[in-house]
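Visitor: I should like to go through this model step by step. Could the account begin with its covalent links and then turn to its sheets and helices?

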Amino acid sequence: MKKSFLMGVAVAALFAGAASAAELKFAPGQDAKFNWKSYDEFKAAHADLKGQPLTIFGPWRGEDEAFFMSVLAYFTEATGIDAKYSSSENYEQQIVIDTQAGSPPNIAVLPQPGLLADLASKGFLTPLGDDNSKWIKDNYGAGDSWVGYGTYKGKDGKEAFYAFPYKADVKSLVWYVPENFEEAGYKIPTTMEELHALTDQIVKDGGVPWCIGLGSGGATGWPATDWVEDIMLRMQPPEAYDKWTTNELKFTDPAVVAAIDEFGKFAKNAKYVDGGVAAVASTDFRDSPKGLFAVPPKCYMHHQASFIPSFFPEGTKLGQDADFFYMPTFASHPELGKPVLGAGTLVSIAKDSKTARAFIDFLKTPIAHEVWMAQSSFLTPYKSVSTEAYANPQMKKEGDILTSATTFRFDGSDLMPGKIGAGAFWTGMVDFVGGKSAEEAAGEIQSAWDGIK
Amino acid sequence: MLLQIVSALGVVFAAVIACSAYFYFSNKILDMALPVKDGDIRAASRNLNRRALVRPWLFIGPALFLLVVYLVYPVVATFILSFYDRAGLQFVGLANYKWALGDREFRQSIFNNILWLAVVPAACTFFGLVIAVMTDRIWWGNIAKSIVFMPMAISFVGASVIWKFIYEYRGGNDVQIGLLNAIVQTFGGTPEVWISIPFWNNFFLMIILIWIQTGFAMVILSAALRGIPEETIEAAVIDGANGWQIFWRIMVPQIWGSIAVVWTTITILVLKVFDIVLTMTNGQWQTMVLANLMFDWMFRGGGDSGRSAVIAIIIMLAVTPIMVWNVRRANRELKGH
């Protein structure tokens, strides 16, 4: 019995070993658009960690998970580290469970600085050190703001750099189908005023201008928070935006209420949205952009972040079948420049180890960015990557928006406390679209904020 | 995968061996510590008595220990946490309880829970009883029963996903893929976003639980109905009672105990209802219930263990009286037989 049991273990170990040596997507040293030198240097510097374990927990699932695994393959190939990646649909709950239960992963990847700040304040994260923060400052576009988004107060009350930004999204995009615009003779609006005029023009021509879908299961409402944040940056200076995310500027402040109302001008007008106002809150955000591609089009424009092409119909060619334009700014607010709303995932160490440090080092190599860039759905503010590696010109265009913005601000709801940014704000937006006034909805979000200490 | 299976099997095997060894050796040690020798009869009988006293505790010990570790300790820890701040570090007295009483969302949850309690157990028991009585009389009764019972086999989340498609809404002139809206449209009505109509959406969620649980009520009550002595019904028929009277005056009183069991079991289930609300609305559109609120406070954005502990305690307090009553009634019935 015992012998056969051991045999089973041996066989299993053999299989596990075979599985971890995954294939590399692009053979090292071949394609010149990649920075293979960085890979070789990294490989040489981390040869002593063979076979040591590393657990990574992150939000990437499905297609993104496959992309990340293809990046991770280079890491494991270079170091021989036995890296395991796991994810959860409810990652923000899972990471709380894991850290509080005392079994955190080595590396925790989260798209919410607010949640990371919270974990750091409870002593669950390990500071990454000043070298890393300096590196981000020097090498990332708008590096200062990225460092800011990774710097939190620890359990001892001291500020330290905890989270390394890796993979970014640009949110200030409006997607459209060039062919539809051409046929109807519409021009890309360059100001918010023009966007309003275009919206009215489409209605006048008998079309429906917008597809808006706020549905996202338990997270229903979040796409609306992107709208409001984007508008906020176009009506208020960035300092006001920062104060808003910390509630120094109350939700009930006229500035915020005005931004919500501006969103309402699009979303709460039955003529402006596909399916009528009732469909806005109930349509899943993943289904919503499909209206662009219907024949005849169900809508002409869709405001959504750079990840949305993942949910376009199969075979959609970006730049040809679908394209985007920068969500325009108000001509009446020229002083606000070209603000960009974005987001990103932040990598932090929840259980310190040599392998975890090696992974952070790996993220500093251009190759860790380029491999994902070359496939899809990956933007980076890292200035030293070769932008030739981007899978298509559209992504390159998005990357340029990201690195050349005059103002870059992180998704506000991700900065707010979880109960607000991933709760009351969503619910408030759903209620707002459902018929409540902007004052009422804002009032409820504010009272929820007053309720947390 | 293979590795996990092998190690799981290993653990199961080791645990079984360890359990048997525990019982075997603890017994052996007891026998050795309190020997029964032929020489001293008085000592032997005293030792025999002592063995009889100790042995049950030896056998019940591990179970008792696990019960304390997995049930009593968490309850006590939760109770203590409810007096501490969000990180569980600073004592804040009754502040969390005070917060709960004043919180709009908390009161909304209490209201919704009461609504669920008023509707779901009653509806399940009622439909279960009606179906049990009716299916006893038709030839395809057993088929009908199987169909009614089938949802019991589906997880709450699975059932919610099914019903999500029933309530699904498509805007404007699209073809409705949701069954309910398709029916409404066929008869010339306007499709609605059912799960976002405040107050009434609670009932749309309740229907899911009723759909799942009616089968359970039906099975228990159907068995109880079979247990009614034929004579009492025959006597009633001879006395000229009509069907209605037989049902209410003869059958229902005789299965009253079973009805109470069904009712209380579903009541406890309803107090804990969580999956359906999470899957369908996550408490949005004013459908929040206590269990979801607790989960929300505990696991969203780093969590607030103090407030979630308060909500957990309140759910426990609400469940306890029903449990106590249920256990007492079961004990009484056992003694009666």
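**Links, strands and helix crossings**

Guide: In this predicted model, Cys211(A) and Cys299(A) are joined by a disulfide, with an S to S distance of 2.0 Å.

Visitor: How many disulfides does a search of the whole structure find over all chains?

Guide: A pair of cysteine sulfur atoms counts as a disulfide within 2.5 Å. The pair Cys211(A) and Cys299(A), at 2.0 Å, meets that limit. Over all chains, the search of the whole structure gives a total of one.

Visitor: How many residues apart in sequence are the parts that Cys211(A) and Cys299(A) tie together?

Guide: Cys211(A) lies in the loop between helix H9 (192–204) and helix H10 (222–235) of chain A. Cys299(A) lies in the loop between helix H13 (277–282) and strand S8 (302–303) of chain A. The disulfide therefore ties together parts whose separation in sequence is 88 residues.

Visitor: Is the link of Cys211(A) and Cys299(A) left-handed or right-handed?

Guide: Both Cys211(A) and Cys299(A) are buried. The angle about their S-S bond is -100 degrees, and the link is left-handed.

Visitor: Is Cys19(B) buried, partly exposed or exposed?

Guide: Buried means under 20% relative accessible area and exposed means over 50%, with partly exposed in between. Cys124(B), at 0%, is buried. Cys19(B) has a relative accessibility of 45%, so this residue counts as partly exposed.

Visitor: Which strands stand at the edges of the open sheet S8-S7-S9 of chain A?

Guide: Strands of a sheet pair through backbone hydrogen bonds. In this antiparallel sheet the order is S8-S7-S9 (chain A), and S7 (residues 173–176) pairs with S8(A) over two bridges. Each edge strand has a single partner, so one side of each is left without a neighbour in the sheet; these strands are S8 and S9 (323–326) of chain A.

Visitor: Which helix packs on that sheet?

Guide: The helix touches S7 and S9 of chain A. Its direction makes about 15 degrees with that of S9(A), and the helix is H16 (residues 393–404) of chain A.

Visitor: Which residue of S10(A) is the bridge partner of Asp169(A)?

Guide: Strand S6 (residues 163–170) of chain A is mostly covered, with eight of its eight residues buried. S6(A) pairs with S10 (residues 339–349) of chain A in the antiparallel sense over seven bridges. In S10(A), the partner of Asp169(A) is Ala343(A).

Visitor: Is H3(A) roughly parallel, antiparallel or perpendicular to H14(A)?

Guide: The axes of H3 (residues 63–79) and H14 (residues 354–363) of chain A come within 11 Å and cross at roughly 110 degrees. The residues that meet include Phe68(A) and Phe75(A) in H3(A), with Phe359(A) and Phe362(A) among those in H14(A). Angles of 65 to 115 degrees count as roughly perpendicular, so H3(A) is, relative to H14(A), roughly perpendicular.

Visitor: Is H8(B) roughly parallel, antiparallel or perpendicular to H11(B)?

Guide: The axes of H8 (residues 200–226) and H11 (residues 256–271) of chain B come within 9 Å and cross at roughly 160 degrees. H8(B) passes H11(B) in a right-handed crossing. Angles over 145 degrees count as roughly antiparallel, so the relation of H8(B) to H11(B) is roughly antiparallel.

Conventions: Residues numbered from 1 in each chain as written. Chains lettered and ligands numbered in written order. Predicted model: local features only at pLDDT ≥ 70, side-chain atom pairs only at ≥ 80, totals over all residues. Heavy atoms only, no water. Helix = DSSP H or I, 4+ residues; strand = E, 2+ residues; numbered from the N terminus. Buried < 20%, exposed > 50% of the residue type's maximum accessible area, 1.4 Å probe, protein only. Pairing = 2+ DSSP bridges. Contact = heavy atoms within 4.5 Å. Axes fitted to C-alpha atoms, helices over the stretch in contact; angles between N-to-C directions. Parallel < 35°, antiparallel > 145°, perpendicular 65-115°, else oblique. Left-handed = near helix turned anticlockwise from the far one by under 90°.
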